[in-house]
Amino acid sequence: MVKMIDAIDKHSRQSRLPIPDVLPEKQAPIVALVEQILAAKKHNTVGANCVRPPLGGDTNGGGIANSSGNADKGACHAPLHEPQPDIPALEAEIDRLVYALYGLTDEEIAVVEKA
């Protein structure tokens with residue numbers, strides 16, 4: 001079953017969009033990918049806000065300095081060179097799964113991806 005919702009695009013045009021009624025087991029892979037992306041982005045944000053001590057030891061009592069210069073023993077949990085997920089690849093996989101939910105053909109996918 002497909003539900004229709006009213007939407008307004010960026011040009012203030014109203015249209016009706018089909019929203020497929022999807023079983024939870026079909027939603028689960030998409031949800032898992034979204035959670036991976038959110039975790040990676042959160043990790044990147046946390047990593048950008050912490051300052052690792054200089055080589056040779058830290059000078060603030062054993063912690064990691066956060067962006068305000070205060071010691072914070074839990075600020076940087078991941079090693080410096082921990083591999084991160086390929087966010088664009090995860091997003092492309094979400095796109096592929098959504099296209100399948102809508103039953104889009106290769107031609108329709110090409111139109112969507114041009115927009």
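This passage walks through a predicted model, from its overall make-up to helix H2 and its surroundings.

To start with the broad layout, the protein is built from three helices and five strands. Read from the N terminus, these elements come in the order β-β-α-β-β-β-α-α. The chain has 115 residues, and 17% of them count as buried. About 8,800 Å² of surface is exposed, with carbon and sulfur atoms supplying 58% of that area. As for how the chain meets itself, take the contacts with a separation of 6 or more: 43% of these link residues 24 or more positions apart.

Confidence varies along the model. The pLDDT averages 77 over the protein, and 66% of the residues score at least 70. Among the elements, helix H2 comes out on top with a mean pLDDT of 95, while strand E4, covering residues 64–66, has the lowest mean at 47. Around that strand, the pLDDT stays below 50 over residues 61–67, although this stretch still has 24 contacts in the model beyond near neighbours in sequence. Where pLDDT is low, the predicted coordinates should not be read in detail.

Helix H2 is a good place to look more closely, given that its mean pLDDT is the highest of the elements. The helix spans residues 87–102. Two of its isoleucines, Ile-87 and Ile-94, can be taken in turn. Ile-87 has a relative accessibility of 14% and so counts as buried, the cut-off being under 20%. Leaving out residues up to four places away in sequence, Ile-87 touches Ile-37, Ala-40, Lys-41 and Asn-44. Ile-87 can also be placed relative to Leu-33: the two are 54 residues apart in sequence, yet their C-alpha atoms sit 9.4 Å apart in space.

Further along the helix, Ile-94 likewise has a relative accessible area of 14%, and is therefore buried. Setting aside neighbours within four places in sequence, the contacts of Ile-94 are with Ile-30, Leu-33, Val-34 and Ile-37. Its C-alpha lies 9.0 Å from that of Val-31, a residue 63 positions away in sequence. Ile-37 turns up in the contacts of both isoleucines, touching Ile-87 as well as Ile-94.

The same helix also carries a charged pair. A search of the whole structure turns up one salt bridge, and it joins Arg-96 to Glu-93, with the closest N and O atoms 2.6 Å apart. Both partners lie in helix H2, three residues apart, which is about one turn of the helix. Neither side of the pair is buried: Arg-96 is partly exposed because its relative accessible area is 46%, between the 20% and 50% limits. Glu-93, at 27%, falls between those limits too and is therefore also partly exposed.

At the end of the helix comes Tyr-102. With a relative accessibility of 37%, Tyr-102 counts as partly exposed. That value is over the 30% needed for a patch residue, so Tyr-102 can take part in a surface patch. Together with Ile-5, Leu-17 and Ile-19, Tyr-102 makes a nonpolar surface patch of about 310 Å².

Taken together, helix H2 holds the buried residues Ile-87 and Ile-94, the salt bridge between Arg-96 and Glu-93, and, at Tyr-102, a member of the nonpolar patch.

Methods:
Residues numbered from 1 in each chain as written. Predicted model: local features only at pLDDT ≥ 70, side-chain atom pairs only at ≥ 80, totals over all residues. Heavy atoms only, no water. Patch = residues over 30% accessible without salt bridge, like charges linked within 9 Å, V, L, I, M, F, W, Y side chains within 5 Å. Areas by Shrake-Rupley, 256 points an atom, 1.4 Å probe, with all protein chains shown as cover. Salt bridge = Lys/Arg side-chain N within 4 Å of Asp/Glu carboxyl O. Helix = DSSP H or I, 4+ residues; strand = E, 2+ residues; numbered from the N terminus. Buried < 20%, exposed > 50% of the residue type's maximum accessible area, 1.4 Å probe, protein only. Contact = heavy atoms within 4.5 Å. pLDDT = per-residue confidence, 0-100.
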